[in-house]
Every structure is written in structure tokens, then in C-alpha cells.
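Good morning, colleagues. Please look at the sequence and the structure on the screen while I take you through the strands, some backbone details and the charged side chains.

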Amino acid sequence: MSQNDSVSDGGFARRTILQAAGLSGVAGLAGCLNEATTTASAGDDANPPATDDGPTLPETGSPEVVDLDERGREVTLRSVHARHAAHPGRSLGGPVEMPVTWAFQADDGTPSVPGPVLRATEGDDLSITLDNTGGEMPHTLHFHGVSKSWKDDGVPSTTGITVMPGEEHTYQIGADVPGTHLYHCHFNTPMHMDMGMYGILRIDPEGYEEADVEQFMTLKDWDTRLSRSYGGADASYDVQDRRPDAFTINGRVAPYTLNPDHGSPVVVSEGDTVRLHLVNAGFMSHPMHTHNHRFRTVEKDGAPYPEVLQLPEDVVNVAPAERYTVEFAADADPGIYPMHCHKVDHVQNGGVYPGGMLTAIVYEEAMGTEVFADLMEKAEYEI
């Protein structure tokens with residue numbers, strides 16, 4: 001599987017020790033951060049290898065950016081049963097774990113929750129195959145924001161197409177609406193999205209110029225009883241009595257969101273232009289707030305905002321399925337500034353505050369401080 005190896009990778013793929021932070025060339029900072037080993041691996045979702053302690057599932061990794069332009073504008077997605085650690089450590093209310101998720105995997109890549117970022121340039125249609133040949137549940141794929149034929153809409157009850165276990169289906173998806181979009185399974189949607197079947201489709205307009213720092217952030221509220229009950233734990237789940245207890249950014253909760261390899265810290269240098277693509281794949285709205293930085297909303301659901309509407313602000317309320325692209329200048333006193341949901345009960349792990357839907361804007365100049373070192377210890381990252 002060919003991945004995007006340029007510095008403009010959407011903030012997920014990294015060639016440096018700060019993987020997933022959205023920058024390159026920061027080795028040597030903070031006493032030279034040590035490169036971590038990714039534990040994620042691919043696996044078959046229907047027949048995980050058995051052990052004396054039960055099935056052994058692969059672990060999820062961070063979402064990869066799949067450059068569809070480099071791949072002939074086609075990719076195969078499948079759902080993989082995988083363990084997902086939103087925060088594997090014991091700090092700040094951890095561990096927060098989902099013993100079974102239905103992670104998306106692009107070809108032979110790493111299964112992840114959210115799924116891979118599928119990125120292409122505006123132009124010809126995309127061929128996206130849902131491979132359910134090794135699955136055990138019916139699935140479909142539905143893409144927001146872009147055009148497609150009726151039969152490729154991904155809703156089984158209105159199209160008559162369901163991808164059953166043992167089957168695969170190729171969707172022809174338009175790449176005619178530039179912007180950041182959501183994709184997800186549309187079979188028994190409340191359950192399948194809450195098991196992890198969602199991701200981002202990004203269509204870049206012709207001549208697109210990326211910012212100095214550019215990242216995707218998928219927001220999600222979870223009732224972990226579903227995953228735990230599906231994994232055999234003593235937990236009972238009822239979608240009519242859904243009680244979210246985990247609030248994630250790119251599948252992680254704080255402090256693991258600050259882990260440079262597995263989380264989504266927004267690492268900047270003073271003077272950088274920063275562009276963040278915010279997508280809500282959950283069931284609740286999340287007002288996202290940036291400390292000490294005022295941003296402009298430049299795009300919503302694939303529609304560019306006129307300049308007259310790009311007012312400086314520091315909170316944007318992202319409702320379910322909405323997508324916002326915001327920009328700001330890294331012009332504050334160099335330090336570490338939280339970015340979080342301002343429904344403050346969403347900034348907890350269980351009853352422990354802070355946690356949950358919280359990350360930070362981190363200036364390189366602050367990486368040598370004791371404060372940064374303490375955060376890295378809580379985030380399970382060795383300096």
C-alpha cells in the first residue's frame with residue numbers, strides 16, 4: 001500500500017519522531033524524543049487466532065492518509081475486528097479501552113478507528129470497494145457531500161444493496177465537491193458507527209495549497225458498554241439508553257491525545273499558518289474551543305466560506321456529521337495551549353478531569369520544559 005510520504009500528509013503519516021503531529025524536521029527538540037514502535041497490525045475480522053484466553057485481535061493504529069491519486073483513484077476497504085486503546089495508561093482515569101471495534105483497513109494497511117483518510121484531488125470518480133468476504137455482519141458504505149448514483153448511496157433500505165458476509169461491492173463515488181467529508185457504514189447505523197465504522201474523505205480542489213500545519217480531527221462520543229458487551233464483558237448496552245462515557249479525538253482521549261506518535265497534538269512553530277479539518281462522527285454536538293488562538297472558519301461541508309463570514313472566533317460548534325475547516329496563525333506566546341470540547345463533562349475519563357476530548361496546540365519552543373515532560377509521561381511517551 002502506497003502512503004503519502006510528503007510533508008503535506010494531513011498530519012497523520014510522519015517521517016520524523018513526532019509522528020501524527022503534522023510537522024517534519026523537529027528531531028532534537030525536547031532532548032530528542034524517542035521514536036515509538038507502532039503495535040498495530042492487520043488481521044482477519046472473522047477468524048482471529050484463538051488462545052487459551054480467547055481470541056487475539058489486532059490492535060488499532062493511527063489513521064493513515066491514503067493518496068488515491070497515486071493509486072489510480074481506487075482502494076479497497078474492509079472492516080477488521082480489533083482492540084482499540086483510547087488511552088492505554090493509568091494516568092487521568094485510564095485505561096480507556098474498547099476490547100472489540102470494527103476498524104476500517106485500506107487494502108493491506110493498518111486497521112484504525114477512525115478509518116483511513118481517503119484523499120484525492122477534484123476530478124474523475126473514485127472506485128471504493130467494500131470487501132466483506134471475511135466478515136460476519138452485513139455492511140455498506142455511505143459518503144457525505146459528494147455526488148453518486150442512486151445505487152451507490154450506501155443505504156440498504158432505499159438502494160436494495162447490502163454487502164453481506166462473503167460479498168464485496170464497488171462504489172463509484174464522485175470527486176466533484178472539494179472539501180472534507182464523512183464516510184461510514186449505513187447498515188444498522190447507530191450500532192455500526194458506534195463500533196468504529198467511520199472515516200474521512202478529503203477532496204482537494206485543483207491547485208490546492210496546504211498550510212504550514214494541516215491536520216484532520218474526527219470527534220466521537222462513545223458508550224463503551226457496546227464494545228465491552230460485544231467483547232464478552234459483563235456489560236449491558238441498549239441504544240435507547242445510550243450513555244456516552246468516552247469522548248475522543250481521532251479515536252484517543254486525553255492524555256493519550258497528546259502522544260506524538262498515536263495522538264493528535266497540534267505541533268507548531270511560531271508564525272506557522274495552521275489549518276484544522278474538524279469532523280463529527282458522533283451522536284452529540286461538540287463546541288470546540290482553542291485557548292489563546294482565534295481562528296477563522298474557511299469551509300463547511302465542502303463549501304468555502306466567503307471572506308466576509310470568516311470572523312475571528314475561538315469556539316465552533318460541530319454537530320453530528322458536520323465538517324468545519326478552520327485556520328489560525330501560531331502567533332501566541334510560545335507555550336502549550338489546550339484545544340477541547342467546551343461541554344466540560346466531555347473533557348473527562350469517567351469522572352476524572354481532565355481527559356476525554358482534549359488535545360493541545362504545542363509550540364516547539366515549549367518542548368524542552370518540565371511541563372511538556374510531565375504531559376509526555378502522562379501520555380505514555382518517553383522523552
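Strand 4, residues 74–87, runs antiparallel to strand 5, and 9 bridges join the two. Strands here are DSSP runs of E with at least two residues, numbered from the N terminus, and two strands pair if DSSP finds at least two bridges between them. Within this pair, Ala-82 stands opposite Thr-101 of strand 5.

A word on the source: this is a predicted model, in which local features need pLDDT of at least 70 and side-chain atom pairs count only at pLDDT 80 or more, while totals for chains, interfaces and linings use all residues. Residues are numbered from 1 along each chain as its sequence is written, and side-chain values use heavy atoms, with hydrogens and water left out.

To which sheet do these strands belong? Strands 5, 4, 7 and 9 form, in the order 5-4-7-9, an open sheet with mixed pairing. Strand 5 (96–106) and strand 9 (167–175) each have a single partner strand, so one side of each is left without a neighbour in the sheet. On average, neighbouring strands of this sheet are turned by 30° against each other, direction ignored; the axes behind such angles are lines fitted to C-alpha atoms.

The loop between strand 4 and strand 5 contains Pro-95. The peptide bond joining Gly-94 and Pro-95 is cis, with omega about -5°. A second cis bond joins Ala-254 and Pro-255, where omega is about 10°; Pro-255 lies in the loop between strand 13 (246–249) and strand 14. Ala-321 has a positive phi, near 75°, and is found in the loop between strand 19 (315–318) and strand 20 (323–329). For context, most residues other than glycine have a negative phi, and most peptide bonds are trans.

Let us turn to another sheet. Five strands form an open sheet in the order 3-6-11-10-8, again with mixed pairing. At its edges are strand 3 (65–67) and strand 8 (142–143), each pairing on one side only. Strand 10, residues 179–184, is joined to strand 11 by 6 bridges, and the two run antiparallel. Gly-179 stands opposite Ile-203 in strand 11.

Further along the chain, strand 21 (residues 336–341) has antiparallel links to strand 16 (residues 286–290) through 3 bridges and to strand 22 (residues 358–363) through 5 bridges. Met-339 in strand 21 is the bridge partner of Thr-290, and Ala-360 in strand 22 is that of Pro-338.

Now to the charges. How many salt bridges does a search of the whole structure find? The search finds 22, a salt bridge being a side-chain nitrogen of Lys or Arg within 4 Å of a carboxyl oxygen of Asp or Glu. One joins the side chains of Glu-210 and Arg-119, at 3.5 Å from N to O. Glu-210 lies in the loop between strand 11 (198–204) and strand 12 (213–222) and Arg-119 in strand 6 (residues 117–121), so the pair ties together parts that are 91 residues apart in sequence.

Finally, Glu-270, Asp-331, Asp-333 and Glu-365 form a negative surface patch. Members of such a patch have over 30% relative accessible area and no salt bridge, and like charges are joined within 9 Å; the areas come from the Shrake-Rupley method with a 1.4 Å probe. Of these residues, Glu-270 lies in the loop between strand 14 (266–268) and strand 15 (273–280).

How values were computed:
Patches are made of residues with over 30% relative accessible area and no salt bridge: like charges are joined within 9 Å, nonpolar side chains (Val, Leu, Ile, Met, Phe, Trp, Tyr) within 5 Å. Lys and Arg count as positive and Asp and Glu as negative; His and the chain ends are not counted. The place of a charge is taken as NZ of Lys, CZ of Arg, CG of Asp or CD of Glu. Helices (H or I, at least four residues) and strands (E, at least two) are DSSP runs, numbered from the N terminus. Axes are lines fitted to C-alpha atoms, for helices over the stretch in contact, and angles run from 0 to 180 degrees between N-to-C directions.
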